[in-house]
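Me: Could you take me through one helix of this protein in detail, and then set that helix in its surroundings? Please explain each term as you go.

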Amino acid sequence: MEEVVSELINIIVAIDDQTVSLILELRSPLLTKVLTSVTGLGSAAAAVVFLGFFGLAGWEDELLIAAVALVLTGVVVGVLMQTVQRPFPPAPVCMTGDAGTIATSFPSGHAAAVVVFAMTARQSPRLPFGVVAGLAATVSFSRVYLGTHYLSDTVAGVAIGVLAFAAAKRLVDRSDFLSRARPVLD
């Protein structure tokens, strides 16, 4: 079993290395500028703004499920970053810097967060799923393109976002949390 895991890790690292080489060849000033601007939509600050917008719009279902999913995502991403402590890819374009947060490559918290919003839009009658999913894909790609994450970090972030959304939806649906939270939200 240990041998299988080791071989799988070697395959993932080889794919990550090939992806970095390809990205370094494909980088262009215009695309770098665009993706540097777009990548911030996956940040914690952007998540707070989106949740605030949901609240102001009165979208209680979307607000509650996305907020719970983002909390779950934050916990999982933080624990994994602290545990794995994978170094960043070579030649990054932009970095988080000294924001006082955990800063390692695995997994991508930006990808996880935008996927939570894409999954929220998929379940919402009010949010344009295609637009939100397109933005989520662009932000996720930007993390690899800008050298802040390897491909596997971003894929893991996407999976965490999907699983966190599913867990949040189940938790909210099963606990009847929304009907108890409505008086607080009103």
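Reply: What follows is a close look at α3, and then at the core around it.

This is a predicted model, in which local features need pLDDT of at least 70 and side-chain atom pairs count only at pLDDT 80 or more, while totals for chains, interfaces and linings use all residues. Residues are numbered from 1 along each chain as its sequence is written, and side-chain values use heavy atoms, with hydrogens and water left out.

Helices here are DSSP runs of H or I with at least four residues, numbered from the N terminus. The 14 residues of α3 should span 20 Å at 1.5 Å a residue, and its end C-alpha atoms are indeed 20 Å apart, so the two values agree; the expected span is 1.5 Å times one less than the number of residues. After α3 comes G58, whose phi is positive, near 80°.

The buried residues of α3 are A46, A47, L51 and F54, where buried means under 20% relative accessible area, exposed over 50% and partly exposed in between, with a 1.4 Å probe and protein chains only. Seen down the helix axis, these buried residues fall within an arc of 135°, so they line one face of α3; the arc is that of the directions from the axis to the C-beta atoms. On the other side of α3, A45, V48, V49 and L56 are exposed. The cover over the buried residues includes α4 and α5, contact being heavy atoms within 4.5 Å.

Two of these buried residues, L51 and F54, are also among those that touch the most other members of the largest nonpolar core, which has 27 residues; A66, L70 and F117 are the others. Such a core is a set of buried Ala, Val, Leu, Ile, Met, Phe, Trp, Tyr and Cys residues joined through side-chain atoms within 4.5 Å. The elements giving two or more residues to this core are α3 (44–57), α4 (60–84), α5 (109–123), α6 (129–145) and α7 (151–175), and α5 gives the most, with eight residues. L70 touches A47 and L51 of the chain, as well as A113, V116 and F117, not counting residues up to four places away in sequence.

UniProt, in an unreviewed entry, places the feature "transmembrane region" at several stretches, including residues 34–56 and 63–81; its positions are given in the numbering used here, feature names are shortened, and annotations may be inferred rather than shown by experiment. Over residues 34–56 the chain is 78% helix and 0% strand, with the end C-alpha atoms 29 Å apart.
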